[in-house]
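Hello,

I am passing a structure on to you, and I hope you enjoy looking through it. Please open it first and keep it beside you while you read my notes.

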Amino acid sequence: MVTLTATRPTAVPTTYPTKLLIDGHWVDPLDGDSFPTINPATGETIATVAAAGPKDVDRAVKAARQALESGPWSRMDAADRGKLLYNLADLVEQRAEELAALETLNCGKTINDSRGDIQGVINTLRYYAGWADKIEGRTIPVRGNFLSYTLRQPVGVVGQIIPWNFPLLMLAWKWGPALACGNTVVMKPAEQTPLSALRIGELAIEAGFPPGVINLINGFGETTGHAMVVHPDIDKIAFTGHVETAKIIQKNAADTLKRTTFELGGKSPNVIFADCDLDAAVEGAFHAIYFHGGQCCTAGSRLFVEEKIHREFVQRLAARTQTRRIGDPMDPNTQQGPQVSQEQLDKILGYIALGQKEGANLVVGGNRVGDRGFFVAPTIFDNVRDEMTIAKDEIFGPVVGVLPFQSMDEVIERANRTHYGLAAAIWTKDIDKAHLFAKRVKAGTVWVNCYHVVDATTPFGGFKMSGQGRENGEAALEHYTELKTVTIRLR
Ligand code: NAI
Ligand code: MG
């Protein structure tokens, strides 16, 4: 277990791997470039990291293809693939404190949130390690004198493009099932947060993954990411990020008819009924929106509150919000660190200004905190209406909109009136209401009297424009295997 302690990290790295990991070697780009990576708590540059150009993407794909078709990986027993994932999980566990510190340094999440993420990484790698030798086909009672069975085989070389909000956890969600199923990987971390992935790349080599099985290339979306999406020898793209980016990727992947899976954003409804446990619901609404500064695809950003308790609820949430300790994310007493970048800071402040212009009632927050780093005060808008931009767009910051409601039918209809469908939650003591809501709300995950409970074992993904496919749990295996039917004539 990674322990959550009230201490600053004991091992903050001061040197970092910065090159490209291709075919088991750390190499300089052939036609790429380099870019600075920033500490969002200070705005200062931490290191300069190599960016892959199209020729580098091609090198990585060739290495992944060779490892898939003819290297030791292609002949390895499934159980041994699992063993390598267990090895990696063990190494992550040994280096948990250092990895958590690196995550905090580059991403800005509080040290205890980073420690929680690292535990999630370990859990995910171990969960999929266990799957490696349990991915089975079927025998099928076909008509005629034949024997038919199915094989589940790797999709091939998979390109994985991930965002900055959970850098290592998103890496584990993508490596775990891909490697358990026998694929080889070319991964591009987010340009905001390259450092922890590079460190885990070193651990992957130490764990014993053969050269070419895991390739790590940093760079920007429009260049490095794009070169992956159009590369003819990548079989699948797995992407997490913005819905508009997914649309571009789906169009660009069309020419090679790549398989694509998408985990995108949301505008998740968090619905508070008057018959809830009020203390738990206030705390739940607080956690739903402010966890990791709202930089969470499942953030409970549309807070529907039953009219009977609306006024009291907003007062209590506002009081709770004012206790939030914002500051140095390395300090274990800090509860909210900076947003990840200047771009995100500007975007969030832009939405706050728009909310006021559109006539929502700003209850608390609404401002940048300090003038160094990218900190935003937790913000509540009350009496938000469904048609306001702040009720429709994903803000991806610590900004919640409160929307009063009166009845179950009304709130379900309004909760579903969005092109998103990632998560939803209900707070009530009435079991009928809970099940009815769970059935009728259009979302890939529904929480009852809890929020942000996500586990390696449970399928995760979106309805509608929140995604395609599922990650985590057994469900992810389907998206990393091709199904082959073998039919044999029996004499
Ligand atoms: P983004 O979708 O642009 O970036 C995510 C990843 O996609 C990064 O690795 C990026 O380099 C890559 N990428 C960008 N354009 C690409 C392209 N044309 N081809 C291939 N890869 C490409 O997200 P960004 O700009 O970092 O954040 C913008 C907004 O996206 C946020 O404000 C938030 O609303 C949403 N977002 C949602 C996330 C989620 O967990 N669902 C995570 C991060 C951002
Ligand atoms: Mg972008």
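Below are my notes on the chain, the ligand, the cysteines and a few single residues.

First, some ground rules: this is a predicted model, in which local features need pLDDT of at least 70 and side-chain atom pairs count only at pLDDT 80 or more, while totals for chains, interfaces and linings use all residues. Residues are numbered from 1 along each chain as its sequence is written, chains are lettered from A and ligands numbered from 1 in the order in which they are written, and side-chain values use heavy atoms, with hydrogens and water left out.

**The chain as a whole**

The chain has 16 helices and 22 strands; these are DSSP runs numbered from the N terminus, with H or I over at least four residues for a helix and E over at least two for a strand. Its C-alpha atoms fill a box of roughly 75 × 60 × 40 Å along the principal axes. The radius of gyration is 23 Å, which agrees with the value near 23 Å for a compact globule of 491 residues. That radius is taken over C-alpha atoms, and the globule rule is 2.2 Å times the number of residues to the power 0.38. Of the 491 residues, 57% are buried. Here buried means under 20% relative accessible area, exposed means over 50%, and partly exposed lies in between, using a 1.4 Å probe and protein chains only.

**Around the ligand**

Ligand 1 is surrounded by 31 residues, and the closest are W164, E191, T245, K347 and E394. A residue counts as near when one of its heavy atoms lies within 4 Å. By class, this shell holds 14 nonpolar, 11 polar and 6 charged residues. Asp, Glu, Lys and Arg count as charged; Ala, Val, Leu, Ile, Met, Phe, Trp, Tyr, Cys and Pro count as nonpolar; the others, Gly among them, count as polar.

Which elements supply at least two residues each to the shell? They are α8 (221-230), β10 (236-240), α9 (243-253) and α12 (342-357). Helix α8 gives the largest share, 5 residues.

For polar contacts, I use pairs of N or O atoms within 3.5 Å; within protein, one must be able to donate a hydrogen and the other to accept it, and residues adjacent in sequence count only if both atoms are side-chain atoms. The side chain of E191 has an N or O atom 2.6 Å from an oxygen atom of ligand 1. Two backbones also take part: a polar backbone atom of H242 is 2.9 Å from a ligand oxygen, and a backbone N or O atom of G241 lies 3.4 Å from a ligand nitrogen. The protein covers 93% of the 820 Å² of accessible area that ligand 1 has on its own. Accessible areas come from the Shrake-Rupley method with a 1.4 Å probe, and for residues only the protein chains shown count as cover.

**The cysteines**

How many disulfides does a search of the whole structure find? It finds 0, taking a disulfide as a pair of cysteine sulfur atoms within 2.5 Å. C107 is buried at 1% relative accessible area, and its sulfur is 11 Å from the closest cysteine sulfur, in C296, so the two are too far apart for a bond. C450 is partly exposed at 26%; the closest cysteine sulfur to its own is in C276, 14 Å away and therefore too far for a bond.

**Some single residues**

T104, in helix α4 (residues 96-107), is buried with a relative accessible area of 1%. Its side chain makes a polar contact of 2.7 Å with the side chain of S114.

N165 sits in the loop between β7 (157-161) and α6 (167-180) and is buried at 5%. A polar atom of the N165 side chain lies 3.3 Å from the backbone oxygen of Q295.

Most residues other than glycine have a negative phi. L257, which is not a glycine, has a positive phi of about 45°. This residue is in the loop between α9 and β11 (259-263) and is exposed at 67%. K464 also has a positive phi, near 50°; K464 lies in the loop between β20 (445-448) and β21 (467-468) and is partly exposed at 37%.

Best wishes
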